[in-house]
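Got your viewer open and a selection box ready? Let's take a walk through the model, one pick at a time.

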Amino acid sequence: MSDILVVGITHYPPLAGKDEVMSWILKRMLQNPNLAEKYRQVTGWPAGMRAEWADDEGVSAARNHRNRLVSALRTTRKQIDAFHPDFILIWGDDQYENFREDVVPPYCVYAHESFEFGPPANNVWNEPANKQFQVSGNVAAAKYLTTKLIEAGYDTAYSYKPLHHPLGHAFANAVLYLDYDRKGFSHPIIPFTINCYGKRVIAQRGGLPMFENPPTEAQLDPPAPTPQRLFDLGAATARILAEGPWRVVLMASSGWSHAFLTAKNNFLYPDTPADRMLFEALRSGTYDTWRNYPAASVEESGQQEILNWMCLAGALAELKRKPANAEFIDTWIFNSSKCFLTAPPAR
Ligand SMILES: [Fe+2]
């Protein structure tokens, strides 16, 4: 039996930018030509949203949001370093980055030797676009996991090199954010992509809504894998790796409900009550709530990316482990709820 540390983090893209522009997604959603007049004025917003926006268009709130996220990331990094993993397996979404019209695997294990990627543009570290980060993979472990998953009935795609993109933001940001203080990052990673965006991965290019020319029902893509399947995939992954020779971190990398995917909130703010319900279930180890969560609810609440965490929930259930720490960070104006979690092995 090998040791496994389970963690969950966010890869929230605006964290890589400056506080002054952290609310850019909301500002873009306010340009929606179909938005009811009431929501175009701050006075028409819910009270909590107005309070966060305050009198500086959310710049102070951005500072607070960043402090909470960075503090949780530093704590997570410390735990990972202390655990000395052989690799970090990262469940993350691919938003029309590496997988495009030519192929969209339901999930895919990257058996790559190494990964090279640059920082996002206009980043908070003032790093130039041509700066390159390099992180090792673990080909042997990725092939072992894929083999065992296939033998267990999970037909798993795998790749040996990138297709359209050096490394999607769910994985690159996980590394860049866990190394927020730029001390260097020497842990090998195994990216494990999950097709979270399902019906909108190509139709909406896994991104912001297209207000001018929204996809018709016929233009939508086939769905993402079901929550139940991903929960079971996460459980199988934990089971296989627990029997392997490596010390492993299993990580989910994503925010939860996204404002820009939540039509019922006019794409302005995330479905926080739906996230809180799932957070309480996760914290208390009521994993059936996760496994039984309907795919329709995922879409209705803009929780597409929570499918990464569905794998994590399955892993926790398989390991019969409850989180030692779990933090839920809500927001009205910064697009997505964030969750952090660590579940180390029992001592
Ligand atoms: Fe994402």
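This is a predicted model, and the stops below go from helix packing to single residues.

**Stop 1: helix 7**

Select residues 227-242, which make up helix 7. Its 16 residues reach 22 Å from the first C-alpha to the last, close to the 22 Å expected at 1.5 Å a residue. Now colour the buried positions in helix 7: among them are Pro 227, Leu 230, Phe 231, Asp 232, Leu 233 and Gly 234. Ala 235, Ala 236, Thr 237, Ala 238 and Leu 241 of helix 7 are buried too.

**Stop 2: add helix 11**

Keep helix 7 on screen and add residues 306-319, helix 11. Two numbers describe a packed pair of helices: the angle between the axes and the distance between them. Here the angle is about 50° and the axes of helix 7 and helix 11 are 7 Å apart. That angle makes helix 7 oblique to helix 11. Helix 7 passes helix 11 in a right-handed crossing.

Who meets whom? On the helix 7 side, the contact residues include Leu 230, Phe 231, Gly 234, Ala 235 and Ala 238. On the helix 11 side, they include Met 310, Cys 311, Gly 314, Ala 315 and Glu 318. Taken together, the residues in this contact of helix 7 with helix 11 divide into 15 nonpolar, three polar and three charged.

**Stop 3: swap in helix 5**

Hide helix 11 and show residues 139-151, helix 5, against helix 7. The packing angle for helix 5 and helix 7 is about 120°, with axes 10 Å apart. So helix 5 also ends up oblique to helix 7. Helix 5 passes helix 7 in a right-handed crossing.

For sticks, pick Leu 145, Lys 148 and Leu 149 in helix 5, then Ala 236, Thr 237, Ile 240 and Leu 241 in helix 7, which they meet. The contact of helix 5 with helix 7 comes out as five nonpolar residues, one polar and one charged.

**Stop 4: helix 4 and its ends**

Next, select 59-83, helix 4. Helix 4 has 25 residues and reaches 36 Å from its first C-alpha to its last, close to the 36 Å expected at 1.5 Å a residue. Its buried residues include Ala 61, His 65, Arg 66, Leu 69, Leu 73, Arg 77 and Ile 80. Step past the end of helix 4 to His 84, where phi is positive, near 50°.

Go back to the other side of helix 4 and click Glu 57, in the loop between helix 3 (47-53) and helix 4. Glu 57 is not a glycine, yet its phi is positive, about 55°. Is Glu 57 buried or exposed? It is partly exposed, with 16 other C-beta atoms within 10 Å.

**Stop 5: Tyr 96**

Jump to the loop between strand 2 (87-93) and strand 3 (107-110) and select Tyr 96. Phi of Tyr 96 is near 55°, again a positive value in a residue other than glycine. Tyr 96 counts as buried because it has 20 C-beta neighbours inside 10 Å.

**Stop 6: Leu 341**

Finish in strand 10, residues 338-343, by selecting Leu 341. Leu 341 has 25 C-beta neighbours inside 10 Å and so counts as buried. Turn on a distance label to Gly 8: these two are 333 residues apart along the chain, but their C-alpha atoms are separated by 4.9 Å. Leaving out residues up to four places away in sequence, Leu 341 touches Val 7, Gly 8, Pro 323, Asn 325 and Ala 326.

Conventions. Residues are numbered from 1 along each chain as its sequence is written. This is a predicted model: local features need pLDDT of at least 70, side-chain atom pairs count only at pLDDT 80 or more; totals for chains, interfaces and linings use all residues. Axes are lines fitted to C-alpha atoms, for helices over the stretch in contact, and angles run from 0 to 180 degrees between N-to-C directions. Helices (H or I, at least four residues) and strands (E, at least two) are DSSP runs, numbered from the N terminus. Angles under 35 degrees count as roughly parallel, over 145 as roughly antiparallel, 65 to 115 as roughly perpendicular and the rest as oblique. A crossing is left-handed if the near helix is turned anticlockwise from the far one by less than a right angle, and right-handed if clockwise. Two residues are in contact if their C-beta atoms, placed from the backbone, lie within 7 Å. Ala, Val, Leu, Ile, Met, Phe, Trp, Tyr, Cys and Pro count as nonpolar, Asp, Glu, Lys and Arg as charged, and the others, Gly among them, as polar. The expected span of a helix is 1.5 Å times one less than its number of residues. A residue is buried if 20 or more other C-beta atoms lie within 10 Å of its own, exposed if 12 or fewer, and partly exposed in between; C-beta atoms are placed from the backbone.
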